[in-house]
Amino acid sequence: MAEKLIIGSRGSQLALWQSRWVAGRLPVASELLIIKTTGDKITDVPLAKVGTKGLFTKELEEALLDRRIDVAVHSLKDMPTELPEGLMLAAVPEREDARDAIVGKTLDELGAGARVGTSSLRRAAQLKALRPDLQIESIRGNLDTRLRKLDEGLYDAIVLAAAGLRRLGWGDRITQILPVEVMCPAVGQGALAIETRNGNDEAAAVCATLTHGDTLRAVQAERALLNGLGG
């Protein structure tokens, strides 16, 4: 068994929480290496306009292929359905809440023309279908940044993943959980992904101990659908 694993992680508060959560459950010692991704560097442009897949995974995957890290921890919803050649999904731990959450005013409380912040085309489209009268505005930044912008009055409400808020201990900020029948979550939302190199059998075996069978089967089905749609 490997003596120590180098775990690659983005530097956001949530990403570090997730990587440390994984590290704390592995049966071997580990060390975190923070890697800045394209999505972290480009913060003033809506995600949909950046125009590439793997915004939050590409640099971590390059570090895997360069053998600078042994495993990478991702939010599964950030991972393209097709992995780069030479890489594999080593584990998917048990999923947190997959649903979207509103922070600020609830949907019923929002008046006509209210400003709702989201960086997601998926959320924006579903919000406009639910409430065509709302003003949907782009919001970028880490969770704490987005909450600060809401608190500063730049938005009447923002839509975030419930899982991230709960992982960071901010579940009390949630004013409304959106049922999946109201807003379909992103593929893999609420789940973590642990990625490693093909042939790195020791790291794969260590990480596989964290896999949750029901979560793995669910996200495999979701990713197969997304792949079929070309998403």
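Biologist: Which residue in E8 stands opposite Ile102?

Modeller: This is a predicted model, and the place to look is the pairing of E5 and E8, which run in the antiparallel sense over five bridges. Strand E5 covers residues 100–104, while strand E8 covers residues 157–161. Within E8, the residue that stands opposite Ile102 is Val159.

Biologist: What is the bridge partner of Asp100 in E9?

Modeller: E5 also pairs with E9 in the antiparallel sense, here over four bridges. Strand E9 takes in residues 174–178 and is one of the edge strands, pairing on one side only. The bridge partner of Asp100 in E9 is Leu178.

Biologist: In what order do the five strands of the open sheet lie?

Modeller: The pairing in this sheet is mixed, and one of its parallel pairs is formed by E6 and E8, which are joined over two bridges, with Gly117 standing opposite Ile158 in E8. The edge strands are E7, residues 135–137, and E9. Read across the open sheet, the order is E7-E6-E8-E5-E9.

Biologist: At about what angle to E8 does helix H6 run?

Modeller: Two helices lie across strands of this sheet, and helix H5, residues 121–130, crosses E5, E6, E7 and E8 at about 130° to E8. Helix H6, residues 143–151, lies across E5 and E8, and its angle to E8 is about 165°.

Biologist: How many of the five residues of E5 are buried?

Modeller: Helix H5 lies across E5, and helix H6 does too. Strand E5 is mostly covered, and the number of its five residues that are buried is four.

Terms used: Residues are numbered from 1 along each chain as its sequence is written. This is a predicted model: local features need pLDDT of at least 70, side-chain atom pairs count only at pLDDT 80 or more; totals for chains, interfaces and linings use all residues. Side-chain values use heavy atoms; hydrogens and water are left out. Two strands pair if DSSP finds at least two bridges between them. Contact means heavy atoms within 4.5 Å. Axes are lines fitted to C-alpha atoms, for helices over the stretch in contact, and angles run from 0 to 180 degrees between N-to-C directions. Buried means under 20% relative accessible area, exposed over 50%, partly exposed in between (1.4 Å probe, protein chains only).
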